[in-house]
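Work through the exercises below with the sequence and the coordinates at hand. Try each task before reading the solution under it.

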Amino acid sequence: MSSQGPTHDEIDFEFLGNLSGDPYILHTNVFTQGKGNREQQFYLWFDPTRNFHTYSIIWKPQHIIFLVDNTPIRVFKNAESIGVPFPKSQPMRIYSSLWNADDWATRGGLVKTDWAKAPFTAYYRNFKANACVWSGKSSSCAKPNSVSAGAWETNGLDAPGRRRLRWVQKYFMIYNYCTDLKRFPQGVPPECKRPRF
């Protein structure tokens, strides 16, 4: 999802390229006011090319939750109280595309796109976008049951959701900007010092 312009907000799911047989990497990022650098990356616990899967983003004023097949993989909490911008004031659209990022996304740019295998395609099935429309200070989701909401859409993660998030992050997370001291030698961003939930 993304807004427009140089100070855009963006919430990303991206599949990074790989060599045949290597695990696929799911890349997540949150941009606020045109600045990203909040990446987390995961190996998936399945081959995403063998079947359809559900990738979800729950974006609320309190947090953003990324889910794969209803399993939470990441929570980005609103930390505006400590000066961390949070995407909340720009309308976003949903985008889906295939694009060449072989200068960084394919093992750090080591693997280049094999254009002989083009055209490249992506397939979607049962696509659903449940969204609230904000108008002034009210939301189209303010009425109960206006969107078929799961508990995570109305609250934070419950205890089973937190356990699943810890499982994914323990066994499948391969990059977390919050632990990258080479990238942030002066100290990790302030949101990284807060609890995950």
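The exercises move from the overall fold to the two sheets, and then to salt bridges and surface.

The model is predicted, so that local features need pLDDT of at least 70 and side-chain atom pairs count only at pLDDT 80 or more, while totals for chains, interfaces and linings use all residues. Residues are numbered from 1 along each chain as its sequence is written, and side-chain values use heavy atoms, with hydrogens and water left out.

**Exercise 1. Describe the secondary structure and the overall burial of the protein.**

Begin with the elements, where helices (H or I, at least four residues) and strands (E, at least two) are DSSP runs numbered from the N terminus. The protein has two helices and nine strands, and along the sequence they follow the pattern β-β-β-β-β-β-β-β-α-α-β.

Next, turn to burial, for which buried means under 20% relative accessible area, exposed over 50%, and partly exposed in between (1.4 Å probe, protein chains only). Of the 197 residues of the protein, 36% count as buried.

The accessible surface, computed by the Shrake-Rupley method with a 1.4 Å probe and with only the protein chains shown counting as cover for residues, comes to about 12,800 Å², and carbon and sulfur atoms hold 53% of that.

Finally, take contacts, meaning heavy atoms within 4.5 Å. Among the contacts with a separation of 6 or more, 56% come from residues 24 or more positions apart.

**Exercise 2. Work out the strand order of the sheet that contains E9, and follow Gln40 across it.**

Start from the pairing rule, by which two strands pair if DSSP finds at least two bridges between them. Four strands then form an open sheet with antiparallel pairing, in the order E1-E2-E3-E9. The edges are strand E1 (10-16) and E9, each of which pairs on one side only. From one strand to the next the twist averages 15 degrees, the axes being lines fitted to C-alpha atoms (for helices over the stretch in contact) and the angles running from 0 to 180 degrees between N-to-C directions.

Now look at the individual pairings. Strand E2 (residues 25-31) is joined to strand E3 (residues 40-43) by four bridges, and the two run antiparallel. E3 also pairs with strand E9 (residues 173-176), again in the antiparallel sense, over three bridges.

Gln40 in E3 links these two steps: Thr28 stands opposite Gln40, and the bridge partner of Gln40 in E9 is Asn176.

**Exercise 3. Identify the edge strands of the sheet built from E4, E5 and E6, and give one residue pair within it.**

The order in this open sheet of three strands is E4-E5-E6, with antiparallel pairing. Strand E4 (55-59) and strand E6 (71-77) are the edges, since each pairs on one side only. The twist averages 15 degrees from one strand to the next.

Between E4 and strand E5 (residues 63-68) there are five bridges in the antiparallel sense, and Tyr55 stands opposite Val68 in E5. As a reminder for tracing such strands, in a regular strand the side chains alternate between the two faces of the sheet.

**Exercise 4. Compile salt bridges with their distances and the accessibility of both partners.**

A salt bridge is a side-chain nitrogen of Lys or Arg within 4 Å of a carboxyl oxygen of Asp or Glu. The structure holds four salt bridges, including the ones tabulated here.

| Pair | N to O distance | Accessibility of the partners |
|---|---|---|
| Glu39 and Arg183 | 2.6 Å | Glu39 13%, buried; Arg183 29%, partly exposed |
| Asp47 and Arg50 | 3.6 Å | Asp47 30%, partly exposed; Arg50 72%, exposed |
| Lys88 and Glu80 | 3.3 Å | Lys88 54%, exposed; Glu80 32%, partly exposed |

To place the pair of Glu39 and Arg183, whose side chains meet in a salt bridge, note that Glu39 lies in the loop between E2 and E3 and Arg183 in the segment after E9, so the pair ties together parts that are 144 residues apart in sequence.

**Exercise 5. Which residues make the nonpolar surface patch of about 390 Å²?**

Patches are made of residues with over 30% relative accessible area and no salt bridge, where like charges are joined within 9 Å and nonpolar side chains (Val, Leu, Ile, Met, Phe, Trp, Tyr) within 5 Å. The patch is made by Ile94, Tyr124 and Phe127. Ile94 sits in the loop between E6 and strand E7 (134-135), and Ile94 is exposed, with a relative accessible area of 52%.
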